[in-house]
Amino acid sequence: MTLPISILSTAMLSFDRKKFFDTYRNRFGKLTQPLVDALDFLIDQIEQDDRFTNSEKDRRQLAYCLATFKWETAHTMEPIDEFGTIERFNRLYGPQTKVGKVLGNTEPGDGARFKGRGYVQLTGRANYRRAGSFLNVDLTGDPALAKNPPLAYRIAVQGMKEGWFTGRRLDQFIRDNQPPEYEKARSIINGSDKAQTIADMARRFDEVLLSALPVPLVKAQNRGGLREAEVLEKATVPTRSRKKTARAKDKSKSTV
């Protein structure tokens, strides 16, 4: 029998920041102040983001997002510009190129104008237009706004969830009650490039999140756990009252 999903699983996330940073340091190494500040900002955004709840699937998807941010930002965890020159971007992404056509670049200079920016390197006129429509911000008129941290965070998460970048979505690889396919999830952003490296980081981020987030009261599957009503009773009845109830039950059994 399948039990109800945790009554906490629909709540937005709340982190124990000390545990987060302690476990991050243990799993990834030394923390600098700029990195602490960047991670602290991301935690602020996540705690206000109703797209992530305290479910196993959402936690794993968040772990993969954070691993992707870490790789795509050169481990700074801050939105960045794609490395390169104007000439390089126009040569690679110009409207005359195959890649440029796929990206929706239509005008001379679009390759550089709509170069990669943000946590996941948003690239191309079509992607800037779609992200701008989602945010209700004119990103095609002012592409540099894609590097604004709050906007960049929203773009990155929504794009990975909805498949903006390659047509592949988080839900295709990280599902309820199934092992996450972190290696295959790289295709959400960039084929199989560095897929194993990012998958390994996602597993470490999942350990960080597990240490810093509350444990759901009820699991989605019946693994010998308690029914929701029993969990609520244990969560809300004081310990002394539960002991009295247990003694009363034992006494009633002895008189039967």
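**Exercise 1.** In this predicted model, decide whether Q121 is buried or exposed.

*Solution.* Start with the relative accessibility of Q121, which is 14%. Buried means under 20%, so Q121 counts as buried. Next, place the residue: Q121 sits in the loop between strand 2 (117–118) and helix 7 (125–135). Finally, look at its backbone: phi of Q121 is positive, about 60°, although the residue is not a glycine. For context, most residues other than glycine have a negative phi.

**Exercise 2.** Now try N177: work out which exposure class it belongs to.

*Solution.* The relative accessible area of N177 is 43%. That value lies between the cut-offs of 20% and 50%, so N177 is partly exposed. N177 belongs to the loop between helix 8 (149–162) and helix 9, and its phi is also positive, near 60°.

**Exercise 3.** Describe how helix 1 (residues 17–28) and helix 2 (residues 33–47) cross.

*Solution.* First, take the axes: they come within 12 Å and cross at roughly 130°. That makes helix 1 oblique to helix 2. The crossing is right-handed. Then list the residues that meet: R17, F20, F21 and Y24 from helix 1 touch L35, V36, L39, D40, I43, D44 and E47 from helix 2. Sorted by class, this contact has 7 nonpolar, no polar and 4 charged residues.

**Exercise 4.** Check the length of helix 1 and find which of its residues are buried.

*Solution.* At 1.5 Å a residue, the 12 residues of helix 1 should span 16 Å, and the end C-alpha atoms are 16 Å apart, which agrees. The buried residues of helix 1 are F20, F21, T23, Y24 and F28. They pack against helix 2, helix 3 (56–72) and helix 9 (195–212).

Key: Residues are numbered from 1 along each chain as its sequence is written. This is a predicted model: local features need pLDDT of at least 70, side-chain atom pairs count only at pLDDT 80 or more; totals for chains, interfaces and linings use all residues. Side-chain values use heavy atoms; hydrogens and water are left out. Axes are lines fitted to C-alpha atoms, for helices over the stretch in contact, and angles run from 0 to 180 degrees between N-to-C directions. Helices (H or I, at least four residues) and strands (E, at least two) are DSSP runs, numbered from the N terminus. Angles under 35 degrees count as roughly parallel, over 145 as roughly antiparallel, 65 to 115 as roughly perpendicular and the rest as oblique. A crossing is left-handed if the near helix is turned anticlockwise from the far one by less than a right angle, and right-handed if clockwise. Contact means heavy atoms within 4.5 Å. Ala, Val, Leu, Ile, Met, Phe, Trp, Tyr, Cys and Pro count as nonpolar, Asp, Glu, Lys and Arg as charged, and the others, Gly among them, as polar. The expected span of a helix is 1.5 Å times one less than its number of residues. Buried means under 20% relative accessible area, exposed over 50%, partly exposed in between (1.4 Å probe, protein chains only).
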